[in-house]
Amino acid sequence: MKEPDGRLRILAAVGVPAILAAILTLIEISGRSLGFDEGASVAIAAQHGGALSSAIAHDGGNMSGYYLLLHVLIGLFGNGTFAIRLPSAICIAATAALTSVIALRLFGAGVAFAAGLLTAVSLPLVFWAQDARGYAPMVALATASFLAFVYLVEDERPTRRAWIAYFLTTTLAAYCGFIVVLIVPAQLVMLYWRRQAITAVASALAASAVCWIPLVVLALRRGSGQLFWVPHLSLSLEKQMLEALTSAGLEPSFRATSTMWALMIVTVAIVAAVAVGHVRRSARPAFGHRTELWGQALVLLWLIVPVALAFVESLAAQPIFIARNLLMCLPAVALLLAVGIADRRLPAAATVAALAALIALRALALGPSYGVSPENWRAASSYVLTRSQPGDCTAFYPLDARMAFEYYVGRDNAAARAPRSVLPVLPWGVVKPYVEDYATLPASRVPAIAASCPRLWLISAHEGQPHGPSPESRTNWFRFLGLRSSFERAYASHTRVQFSYAATIHVDLLTRPLSAPRRK
């Protein structure tokens, strides 16, 4: 009987990509330094009761569901690097499996196997799988939302189970990242061909909208000011987006590889070929509820609609066109590539060769990223802690920079020898979240700090930009220049060390206050 063989093939089409994704995400998962934003995740999730809700509200509610999950996990397992990143790794492994299941439902086992493998071997997905932020859960839930949507609309009489799954996954996805709502218009367009499901989908989305009211309230209170750092559209930004969508690179976090352009060109060519073939075939009527044409249209819209909406929003109003905001489109790219190379008109050998070539190119982009720290707070904190002397002080700009530094102070049990924090004024061991807090010191306080601190470590990152994309970015930069200048005037000399290249961390050591008597 062939039924056991069929089940084994289905199991392999889903299980092998999930296992591969799990392996790739666990390699060097603790090797990369904690990042600036990860420091915020840990600091927010470490709060309790009213302090936790206040911290989430101050962040505008974005990723609130993820922060609550991380809060529970830190309470159970601590805040070790492996523990806080493991949920993201699990989510990307689940994304590979979910992508395979979607393909299995719409296109067959061959496409499912290829799509799952291509999802697993993806630089952006593996990178965010090794990061304690809400992006990986957002991608997993967005993919699950599409899977539930397929089940909900493909049946003549939508089941309660499919309705609940669609409602839960879509609702929770937004609690891991606001931007995920861009997938909803793509799903709504597909209802034109599945009108029997309009009532079920509309009622589920209405229930989700009610559940999103707290997010909307918090976001409106916070405003769009938290996006002051997002750059305006440019050729460079659009190239970075194309790199990420094709899994060919992830600049500026990682330097481009020699095979980046080859993978970008091949991926774009295959996706374009699938789109053109779909348009040509769609001229013929599609019958039934599980047609490949409908599936191709769904996946194409999954890719095109969020990208187009983010581009238009960035062009007309608030810039949001950055790679991390469109991570939920990467499974769609994998599905389209799998559809293209698994075309029935191609010989089996050509399909296998094409899949092997794509995986090899993706692996060449992924490999050099392991263990590389775009923001090396571990090295910066170690540098300061090993060179600090009794009486030293530290000042952070913005105050957010303290969170990643404090993480390593706590992990290394170095609170007793860490330089006293004067900006902000907070003892080590007290974890307080700061969200885009660009506070400085009045000039009148600087002499007193210089008198009490023979040496001052000024630690800064994400200071703003002199020609930044918004007035807030430029103001923050000039505010930093003012703070640094006031310290330089109060101290006789200073040295500067830089860490990382993607998001530079500056460590300035200012020594010998001018007013201090000098030995003869």
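**Exercise 1. Find the bridge partner of Ala-395 in β3, then place β1 among its neighbouring strands.**

Solution.
- In β3, Ala-395 has Leu-458 as its bridge partner. The model is a predicted one: local features need pLDDT of at least 70, side-chain atom pairs count only at pLDDT 80 or more, and totals for chains, interfaces and linings use all residues. Residues are numbered from 1 along each chain as its sequence is written, and side-chain values use heavy atoms, with hydrogens and water left out.
- Strand β3 covers residues 455–461 and pairs with β1 in the parallel sense over 5 bridges. Strands (E, at least two residues) and helices (H or I, at least four) are DSSP runs numbered from the N terminus; pairing requires at least two DSSP bridges between two strands.
- Strand β2 (residues 420–423) also pairs with β1 in the parallel sense, over 3 bridges. Here the partner of Ala-395 is Leu-423.
- From β1 the chain passes through helix α19 (residues 401–411) to β2, a right-handed β-α-β crossover. Right-handed means that, with the strands pointing away from the viewer, the path from the first strand over the helix to the second runs clockwise.

**Exercise 2. Determine which residues of β1 are buried on each side.**

Solution.
- Strand β1 spans residues 393–397, and 5 of its 5 residues are buried. Buried means under 20% relative accessible area, exposed over 50%, partly exposed in between (1.4 Å probe, protein chains only).
- In a regular strand, side chains alternate between the two faces of the sheet.
- One side of β1 holds Cys-393, Ala-395 and Tyr-397; the other holds Thr-394 and Phe-396.

**Exercise 3. Identify the residues with the most contacts inside the largest nonpolar core.**

Solution.
- A nonpolar core is a set of buried Ala, Val, Leu, Ile, Met, Phe, Trp, Tyr and Cys residues joined through side-chain atoms within 4.5 Å.
- The largest has 139 residues; Phe-149, Val-201, Leu-326, Trp-377 and Phe-405 have the most contacts inside it.
- Helix α8 (residues 135–154) gives the most to this core, 15 residues.
- Beyond four places in sequence, Phe-405 contacts (heavy atoms within 4.5 Å) residues including Trp-377, Phe-396, Trp-428 and Ile-459.
- Another core lies apart, with 27 residues, among them Leu-426 and Tyr-434.

**Exercise 4. Work out where Phe-113 lies and what Phe-113 touches.**

Solution.
- Phe-113 sits in helix α6 (residues 109–120).
- Its relative accessible area is 29%, so Phe-113 is partly exposed.
- Leaving out residues up to four places away in sequence, Phe-113 touches Ala-12, Ala-13, Val-16 and Pro-17.
- Phe-113 and Ala-338 are 225 residues apart in sequence, yet 8.4 Å apart in space, C-alpha to C-alpha.

Technical notes
Contact = heavy atoms within 4.5 Å.
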